[in-house]
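Trainee: I'm new to this one. Can we go through what the labels rest on?
Mentor: Sure, let's pull it up.

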Amino acid sequence: MERRGPADLLLFFITLVLLAIGLIMVLSASSYEAMIDYNDALHYFKRQLIFMALGFVFMFIMMNIKPEFIKGLAVPAMICCVIMLLLLPIIGVEVGGSKRWLGTTTVRFAPAEIAKPVVIVFFAMWLSSIGKKNLQTFKGFFYTLLILAVIPGLVVIEDLGTAIVIAGALVCMMIAAEVPWKYLGGTMGIGLLGVIGMIVVKPYRMKRITAFLDPFADPSNTGYQVVQSLYAIGSGWLFGVGLGASRQKLFYLPERHTDFIFSIICEELGFVGGSFVILLFAMFIWRGFYIALHLDDKFKSLTAFGLTAVIGIQAMVNIGVAVGAMPVTGITLPFISYGGTSLSFMLATVGFLLNMSRYMRH
C-alpha cells in the first residue's frame, strides 16, 4: 500500500494567489456593468465568492478521496458526460449564439467544463491499462484515437475553443505515454483537418479567423473584440492606469470579466501585472508536471500530467486571444475569470492534483 505524505503546498499557494487576483479583477472589471444592470456593483463579485466557496468544497473532497475510487468512477462519469453533451444541441440554453449550457437562463452549468477532468481521468485509465507495448501497435493506437475523439468531437459542435483545449491535453498525455511519433503526427493532422472543417461549417468562426489575421481591417465589427483588447493592453504600459481605473471596462471591451479579463489586468496593472499572472501560470504548469514526474503509479502520473496540461493550455489560449496572437475562442482564464462551473471544477481539478501529490516519491 502506498504511503501518503503531505499535499504540495507550493501548488496550493500558487492557486490561492491566482484566485485572489481573480476576485480583485472580477470586482474591478464587472462593477460598472453590475451597477448598471443590477444596481449592485458587487453582484458578480458575490457570485464569484459563492462559486469559489463551492469549489473549495469540491477541492477538499477531491483531496481526500482515494485515486483508485476516482478511477473506478471514470467509466460511469464518462457515460454521463457523453449523454449531457448529446443533449446540448437539443435542450441546451442558448447564450451568445451557442448552446453550451444545460439548465435555465438563470441557473445553468456547462457540461464541457465537467467533461474536462472526467475525460482526462478516463483517458489516463485507458493509457495505463492498455500497456506501452499495445500503444505502439496500430490496433492499440486506433482504439486510443477513437476514445480520444469522443469528448472533443461532441464539444466541438458548440464550443471549438474548449474542444481544442481538451484535445491538446489528451495529445500531451499520449506523448507522456510514449505513443510513437508516427502515430501522433497522424493524430494531429486529422485533428487539424477537423478544426478546419468546423471553422468552414460555422460562418462566425471563419469571421473570427479573418478578424484575427487583420482585426483593424474591420474594427467596428468582426475585429471589434480584438481591437478593444489591444487598446486595453496598450493603455497599461509598464505599471498600468491603476486598479479600478480601466476605461475599456466602460462597455468598450466585451466579455471584460470573463474571456477578456486578462486585457483588463494589463490595462490596470500594466506589463508588470500581466507578466506576474503569466509567471504564476508557468509556475503552476511546472509544479503540476513536477508532481506527475515524481509519481510511480502510471495512472496517477498520466492523470496529473493531463489535468495540468488542460489548465495550462486553457490559460495560454485565453492569453493568446487577449494579445491578438490567436483567434477569439470564447474560453475563460482559469481561476481568474468570472464563471460558475468553470471555477468550481477547476478547483476540484486542483484538489485531485493535490491528492496525487501526496503519493510523490521524495
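**Cysteines, a surface patch and a small sheet**

Mentor: Start with the cysteines: there are 0 disulfides in the structure. Keep in mind that this is a predicted model.

Trainee: How do you know that Cys81 is in no disulfide?
Mentor: The nearest cysteine sulfur, that of Cys80, is 7.1 Å away, and a disulfide needs the two sulfur atoms within 2.5 Å. So Cys81 is in no disulfide.

Trainee: And why is Cys81 called buried?
Mentor: Buried means under 20% relative accessible area. Cys81 has 2% relative accessibility, so it counts as buried. Cys266, with a relative accessible area of 7%, is buried too.

Trainee: What makes Ile79 partly exposed?
Mentor: Its relative accessibility is 47%. Partly exposed runs between the 20% limit for buried and the 50% limit for exposed, so Ile79 gets that label. Ile79 lies in helix H4, residues 74-91, and belongs to a nonpolar surface patch with Val75, Ile83, Leu87, Ile90 and Ile91. Together they have about 540 Å² of accessible area.

Trainee: Over to the sheet. How do you know that S2 and S3 pair?
Mentor: Pairing takes at least two bridges. Strand S2 (residues 98-103) and S3 have 2 bridges, in the antiparallel sense, so they count as paired. In one of them, Leu102 has Phe109 of S3 as its bridge partner.

Trainee: Which strands stand at the edges?
Mentor: The order is S1-S2-S3 in an open sheet. S1 (93-95) and S3 (108-109) each have a single partner strand, so one side of each is left without a neighbour in the sheet.

Methods:
Residues numbered from 1 in each chain as written. Predicted model: local features only at pLDDT ≥ 70, side-chain atom pairs only at ≥ 80, totals over all residues. Heavy atoms only, no water. Patch = residues over 30% accessible without salt bridge, like charges linked within 9 Å, V, L, I, M, F, W, Y side chains within 5 Å. Areas by Shrake-Rupley, 256 points an atom, 1.4 Å probe, with all protein chains shown as cover. Salt bridge = Lys/Arg side-chain N within 4 Å of Asp/Glu carboxyl O. Helix = DSSP H or I, 4+ residues; strand = E, 2+ residues; numbered from the N terminus. Buried < 20%, exposed > 50% of the residue type's maximum accessible area, 1.4 Å probe, protein only.
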